[in-house]
2 protein chains.
Amino acid sequence: MSAYKMISIPEAQDIVLSLTQPLGAVTVGLADALGRVLAEDVKAPDSLPPFPASIKDGYAVVASDGVGEFPVIGESRAGRLDDLPVRPGTVAYITTGAPVPPGADAVVQVEDTEAVQPAGGAAGERRVRINKAAKPGQDIRPVGSDITEGDLVLRAGEVVGVAEVGILATVGAVQLAVHAAPKVAVLSTGDEVVDPATRPLGQGQIRDANRAMLLAAAARAGAQVVDLGVARDAVGQLEGCLAAAIEQRADVLITSGGVSMGDRDLVKPLLERQGTIHFGRVRMKPGKPLTFATLSIAEQGGRQMMVFGLPGNPVSSFVCFNLVVLPALRKLAGWQRPELRRVAACLTSDIRLDPERPEYHRATLVWSCEPPPGTAAAATHGSSQEAAAVEGEKGLAGFQFWAVSTGNQISSRLLSARSANALLEIPCDSGVLRAGSVVSALLIDDLGLMPVPEGGVPMTPGF
Amino acid sequence: MSAYKMISIPEAQDIVLSLTQPLGAVTVGLADALGRVLAEDVKAPDSLPPFPASIKDGYAVVASDGVGEFPVIGESRAGRLDDLPVRPGTVAYITTGAPVPPGADAVVQVEDTEAVQPAGGAAGERRVRINKAAKPGQDIRPVGSDITEGDLVLRAGEVVGVAEVGILATVGAVQLAVHAAPKVAVLSTGDEVVDPATRPLGQGQIRDANRAMLLAAAARAGAQVVDLGVARDAVGQLEGCLAAAIEQRADVLITSGGVSMGDRDLVKPLLERQGTIHFGRVRMKPGKPLTFATLSIAEQGGRQMMVFGLPGNPVSSFVCFNLVVLPALRKLAGWQRPELRRVAACLTSDIRLDPERPEYHRATLVWSCEPPPGTAAAATHGSSQEAAAVEGEKGLAGFQFWAVSTGNQISSRLLSARSANALLEIPCDSGVLRAGSVVSALLIDDLGLMPVPEGGVPMTPGF
């Protein structure tokens, strides 16, 4: 029997996150800020717009002048500074974003004007007819109307996305304090595991799927990654790899394999000798032998290295990474809400329950008004035409997430993670959970890639 | 008046995608495959497992032997090859993933056995008691049960995610044909636009938000990016930048600014001279002057360069990038469904309709059973306690996307894109669309970052 108490996944997640502290701040340039988490608030050093700015191409006017024909006394162009006071009875040409000249209090867009041929006036004098009276302030952005000097534009803890890069540029924040990116070392274990390039395989060999996959997963989470290769089942090999992870100053070491009950499963004994194992068995399918330890590195000032011992089966590794490692990497990187996001989804097929462990069932979520064609639920849900007729009446109503199982869920079959964007939380019980049941689903991939249902998703009525 | 016919966004998207062809194939190593799109099918060169493999740590047995005490004739370990035939009346120790020795037809997990002290036998002979009879095939993965030699494991057109990296490693696909990543050059225009590092601003100047933002957006979409700086409103500058984009062999040039109706708006005239403008005005808010052209580069074998002339206001740029440029970049990169994904969401506040143009309203989607606190809808939706009581009864039912507006939507205010993960499709009409209305929402950011509602989202009942 295993010496480790079986705990639940929520307990495991709590333990890991309680032992995870955000990494300290480093300074990066704006070009490297995407995806990082701000370590300090960002304030605006000046107002935007910094001057009253025209919203349109047209003419800066004195609103009380109303309609009529006026001399054009000059031009205010974006980026050019002219001393151009507009007195009553005159106007100035102005371009979008340009400063509204002193004296003018409104802008009339060019579409509401027409050029007038010089007639009787001084040679070359430009005149324009204003066809629509302006209200004071019309088509002018007052100073500071978008951002006021001193405004907090982004907070510490925010993840920098595309728009945030633009906001940072707007306020001149070109050097930023962000949380350091975690350094993650990845190691596979086992005598049977060979490099993916091996072709043909020798007898008894299998290719190492986990290392490439976990390196990709850590990189996608924003980590710096270190490939530690494969540790053979020989005395000293695993110790050497652990020492390498320490020497590289990894914040996190992820191993796969070597944590089950075989007598060559050396990961747990090593972690017990060199650190503290916080859990070594988790009530989950797949992934039961999942192990988590922390090491205090005396020769590096007592800094902490976290070690996740993932099971060797690739699906178990994949699921454990998402459920337990990913939230830790996010918290290290500064995320304030590192947990996976949960939505509800409707099953498209029956799922046989496991009487011993709750299951994290790989599935592909689709936003649709009916179960996707070819699923068990589609067979009982009425024909596509009927559904389309109903849809015509109800527009966006009736749309929801449908969860399409990726098929056989055995933990060695990595094809069960192909195209999966969610882990369904399937209770531990006897019997079957029927198609049509609503379950919770943890998002593990960007829904911007989810399949598009036949016929698409309708737009807002009237759009 | 503009010379360009006003078209709708769906028309603009159709025009752009009809003129976009996926880029040709290049070969990349597995370590660089994440996020790329496969240009050819991937087949398995061999079966997985390649041998009958044990699912457990335990003993390989002859099932018909049933329970009893047996000599352990040897060990089959993962990665080691022993000639170890198991005859009736004997067993072999076996570890997870190891080949099942010839003669054995089942595995009994170690938890269902106990070691027996040698007694009367030859010194050192190992014996074990099997406490639970095995069925034939028990805890054995037959050859090819996960993947059969010749199976199509991934198809051309699939986006390589984390799991797919593992699948590719499994089948030894370490060199891959993927679609080339588009090369995207980004240029800002205008005399008023200065480098983001400028502090303090000179009179009439604003910082260039668009270039950093669009470079980040293109990079996130997987493009190689080229920063072409800022083109001033002087004769020849814009021509020079266009020539630079051609010389760099950019597939796509994105400009911002210079496309509205001002007399220094030089982008459209230049594109008319050097290529074909397919549209120059789109019925949308924000983003009306959005321009799209293609150039045929004679001196480069007639290859096509696409040019997107985005408006200068940063929000217009942001929205136009997502709606029109991003799908084109995805199609160039090989995506089979490049369009933004659409879901339905419930408004949390009233939205004033625009009588002239449909609006793409920036919002943050939250998956919740009630409108987020502080929104207008929350005030009328009943207290949080009441909702919690209802929630307790209905579990996952009643959860949906709620759309929280990012506030003032003026196109100069980039803060309206802060934390936005969706563009709401708001119809062109008079009056107000009320809180509680259901609208379509285009996903523009990973929902894995969406805000978590107070109290979280419940798990499947019984989980």
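This is a chat about how two chains and the domains of one of them fit together in a predicted model.

Me: What should I know before I start reading values off this one?
Reply: It's a predicted model, where local features need pLDDT of at least 70, side-chain atom pairs count only at pLDDT 80 or more, and totals for chains, interfaces and linings use all residues. Residues are numbered from 1 along each chain as its sequence is written, chains are lettered from A and ligands numbered from 1 in the order in which they are written, and side-chain values use heavy atoms, with hydrogens and water left out.

Me: OK, how are chain B and chain A related?
Reply: A turn of 180 degrees with a shift of 0.0 Å along the axis lays chain B on chain A, with an RMSD of 0.1 Å. The two copies are thus related as by a two-fold rotation axis. The fit is by least squares on the C-alpha atoms of residues with pLDDT of at least 70 in both.

Me: Which C-alpha of chain B is nearest that axis?
Reply: That of B:D446, 2.5 Å from the axis.

Me: How many residues are in contact between chain B and chain A?
Reply: 110 residues of chain B are in contact with 110 residues of chain A, contact meaning heavy atoms within 4.5 Å. Also, 99% of the interface residues of chain B are interface residues in chain A too, so the copies meet through the same surface.

Me: And what area do chain B and chain A bury?
Reply: About 9,200 Å² between them, 63% of it on carbon and sulfur atoms. That's the accessible area (1.4 Å probe) that two parts lose on being put together, summed over both.

Me: How many salt bridges cross between chain B and chain A?
Reply: The rule finds 4, taking a side-chain nitrogen of Lys or Arg within 4 Å of a carboxyl oxygen of Asp or Glu. B:R207 and A:D46 pair up in a salt bridge through their side chains (2.7 Å, N to O).

Me: What's the side of chain B that touches chain A made of?
Reply: 61 nonpolar, 19 polar and 30 charged residues. Here Ala, Val, Leu, Ile, Met, Phe, Trp, Tyr, Cys and Pro count as nonpolar, Asp, Glu, Lys and Arg as charged, and the others, Gly among them, as polar.

Me: Switching topic: what domains does chain A have?
Reply: Domain 1 (6–23 + 180–332), domain 2 (27–48 + 146–179), domain 3 (53–141) and domain 4 (342–449). The bounds come from an automatic or database domain assignment.

Me: What do domain 1 and domain 4 of chain A bury between them?
Reply: About 1,500 Å², 68% of it on carbon and sulfur atoms. On the domain 1 side, A:K285, A:V315 and A:F318 supply 40% of the area buried against domain 4 of chain A, more than any other three residues.

Me: What does A:K285 meet in a salt bridge?
Reply: A:D354, side chain to side chain (2.9 Å, N to O). Across that interface of domain 1 and domain 4 of chain A the rule finds 2 salt bridges.

Me: Any odd backbone? Which peptide bond is cis at B:P286?
Reply: The one joining B:K285 and B:P286, with omega about 0 degrees. B:P286 sits in the loop between β20 (281–282) and β21 (291–297) of chain B; strands are DSSP runs (E, at least two residues), numbered from the N terminus. In chain A, the bond from A:L48 to A:P49 is cis, omega near -10 degrees, and A:P49 is in the loop between β3 (42–43) and β4 (53–54).

Me: What about phi of B:D139?
Reply: Near 55 degrees, a positive value in a residue other than glycine. B:D139 is in the loop between β10 (127–130) and β11 (140–141) of chain B.

Conventions: Helices (H or I, at least four residues) and strands (E, at least two) are DSSP runs, numbered from the N terminus.
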